[in-house]
Amino acid sequence: MTTTTSATATTSDTATTSDTAEQPTLQRFQPTDLDASPEVNALLERLGLGSLATEGLASFGGRNDNWAGRTSGGHQVFVKTVARTPEGGSPQLERALAFEGLARRLPAGSPLRTPGHLGSDRTAAVGVYRLLPGARSGSELALDDEFDEELCREAGRAVGALHALPAVPAVPATPEAAADGDADAPAIDTEEAPLPPMPWLEALPWYAVQERSMGQIAAWRLVQDDAEVIAALHALRAAERSAPHAPTHCDLRFDQFLRHDGTLYLCDWEEFRLADPARDVGAFAGEWLFHATYQVFAPGAGQDGPAAGFGLDHAEIIERGAASLRRFTPRITAFWQGYLEQHTPDPGLAERAAAFAGWHMFDRLLATAELHATLNPVARAAAGIGRTLLLNPAGAVATLGFTQPSGSPR
């Protein structure tokens, strides 16, 4: 059993207004019974944080079991388990810990902020983080039209600060931190990011077919039957391999951002690695493009009638889609402007980012098709935009606002 703690985790990090019972506003679910995961409270006790009781606990959903609440020691914590390999290791947790080691290099006042890491059990694949009570996810903010241009610019600054970090973890600030195991930060992963899964462009493996909905299989057919999209994805992978690599989140989505007390945080570092920074820039752009596509069809998005956009003909879809894209692309531009304040991109990054935005459209429609038997108009519209970006990323650079502002450094 190996326990690690963060050199920056102190009592002041964890004891947040313990006299109040403020609850997170993120969408909550019933958490897994703690009796089935005794390693959670065992780790909390070893860290001196107390233990979690079943009453008052919440879970935020997602792929991994997680628990959010106040411990018996009065600490607001978020605890998450991640997957383990058959051999007992956890590459996801190792990547997250590699980020924590690198994050020690962030200067005071950095625009990249992440919930404090309080400790981990690398054997049990459990991590403990400071809970941000009352936080709202970027997904909620986008749906409520509160992820505005200024917040997007702040997100760009955060991602730019990440990409500007040197790929070498800092030495612990104190001997006490080293004694706690914080010196044992894993090396940063240099393996190629798993998405898009290139062998799946030819055919899904049988296990994947068994695990996916008919809607997802139909979405994969859109990719597999399009020789031009397949060629574009191979070209993107080749460009990625030759591009300068930097510390990269590699799983950037709206729900990885949290706003708490007016401050924006970036979380969930399980896919962190050295990679093409265009992945993160393109993913953020792709989030807004997918959101813009959804808004064409979503009830309450300005359409009349109970069917919203699902009864539109092709011309109406094009018209409303163009209007929606015009509305949201300034937020992509604001992100890029914030990004340039913190990091100078390589000359080809903007074009690769546009292509990665195209892949992100396919990635999101694959995810949203999980509960469907067929592809709805949102999915098909997203696929069309993704295809356009992949086939002509250079032509999309200006449309997305990925231009170099006059007077900025190169």
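These legends describe close-up views of a predicted model.

**View 1. Phe254 pairs with Phe284 edge-to-face.** A search of the whole structure finds 18 aromatic pairs. In the pair of Phe254 and Phe284, the ring centres lie 6.1 Å apart and the planes meet at 80°. The two residues come from distant parts of the chain, 30 residues apart. Phe254 sits in the loop between strand 7 (246-248) and strand 8 (257-260), while Phe284 belongs to helix 10 (residues 278-297). Phe254 has a relative accessible area of 5%, so it counts as buried. Phe284 is buried too, at 1%.

**View 2. Phe254 also pairs with Trp288.** Here the ring centres are 4.8 Å apart. The planes stand at 65°, over the 60 degrees required, so this pair is edge-to-face. Trp288 lies in helix 10 and Phe254 in the loop between strand 7 and strand 8, so the pair ties together parts that are 34 residues apart in sequence. Both Phe254 and Trp288 are buried.

**View 3. Phe254, Phe284 and Trp288 belong to one aromatic cluster.** The other members are Phe147, Phe257, Phe328, Phe335, Trp336, Tyr339 and Phe402.

**View 4. The peptide bond between Leu195 and Pro196 is cis.** Its omega is about -5°. Pro196 is in the loop that runs between helix 6 (175-179) and helix 7 (206-211). Most peptide bonds are trans.

**View 5. Ala125 has a positive phi.** The value is about 60°, although Ala125 is not a glycine. Most residues other than glycine have a negative phi. Ala125 is placed in the loop between strand 4 (117-121) and strand 5 (126-130). Its relative accessible area is 0%, so Ala125 is buried.

**View 6. Asp268 has a positive phi as well.** Phi is about 65° at this residue, again not a glycine. The loop between strand 9 (263-266) and strand 10 (273-275) holds Asp268. Relative accessibility is 25% for Asp268, so the residue counts as partly exposed.

**View 7. Helix 10 packs on helix 12 (residues 349-368).** The axes are 6 Å apart, at an angle of about 50°. That angle makes helix 10 oblique to helix 12. The crossing is right-handed. Helix 10 contributes residues including Ala278, Val281, Ala285, Leu289 and Phe290 to the contact. From helix 12 come, among them, Leu349, Ala353, Phe356, His360 and Met361. Arginines take part on both sides: Arg279 of helix 10, and Arg352 and Arg364 of helix 12. Sorted by class, the contact has 12 nonpolar, 5 polar and 4 charged residues.

**View 8. Helix 8 (residues 214-224) also packs on helix 12.** The angle is about 155°, and the axes are 8 Å apart. Angles over 145 degrees count as roughly antiparallel, so helix 8 is roughly antiparallel to helix 12. This crossing is right-handed. Helix 8 makes the contact through Gln216, Ala219, Trp220 and Val223. Helix 12 supplies Trp359, Phe362, Leu365, Leu366 and Ala367. The residues of this contact divide into 8 nonpolar, 1 polar and no charged.

Technical notes. Residues are numbered from 1 along each chain as its sequence is written. This is a predicted model: local features need pLDDT of at least 70, side-chain atom pairs count only at pLDDT 80 or more; totals for chains, interfaces and linings use all residues. Side-chain values use heavy atoms; hydrogens and water are left out. Rings of Phe, Tyr and Trp (its six-membered ring) pair if their centres lie within 6.5 Å; planes under 30 degrees apart count as stacked, over 60 as edge-to-face and the rest as tilted. Helices (H or I, at least four residues) and strands (E, at least two) are DSSP runs, numbered from the N terminus. Buried means under 20% relative accessible area, exposed over 50%, partly exposed in between (1.4 Å probe, protein chains only). Axes are lines fitted to C-alpha atoms, for helices over the stretch in contact, and angles run from 0 to 180 degrees between N-to-C directions. Angles under 35 degrees count as roughly parallel, over 145 as roughly antiparallel, 65 to 115 as roughly perpendicular and the rest as oblique. A crossing is left-handed if the near helix is turned anticlockwise from the far one by less than a right angle, and right-handed if clockwise. Contact means heavy atoms within 4.5 Å. Ala, Val, Leu, Ile, Met, Phe, Trp, Tyr, Cys and Pro count as nonpolar, Asp, Glu, Lys and Arg as charged, and the others, Gly among them, as polar.
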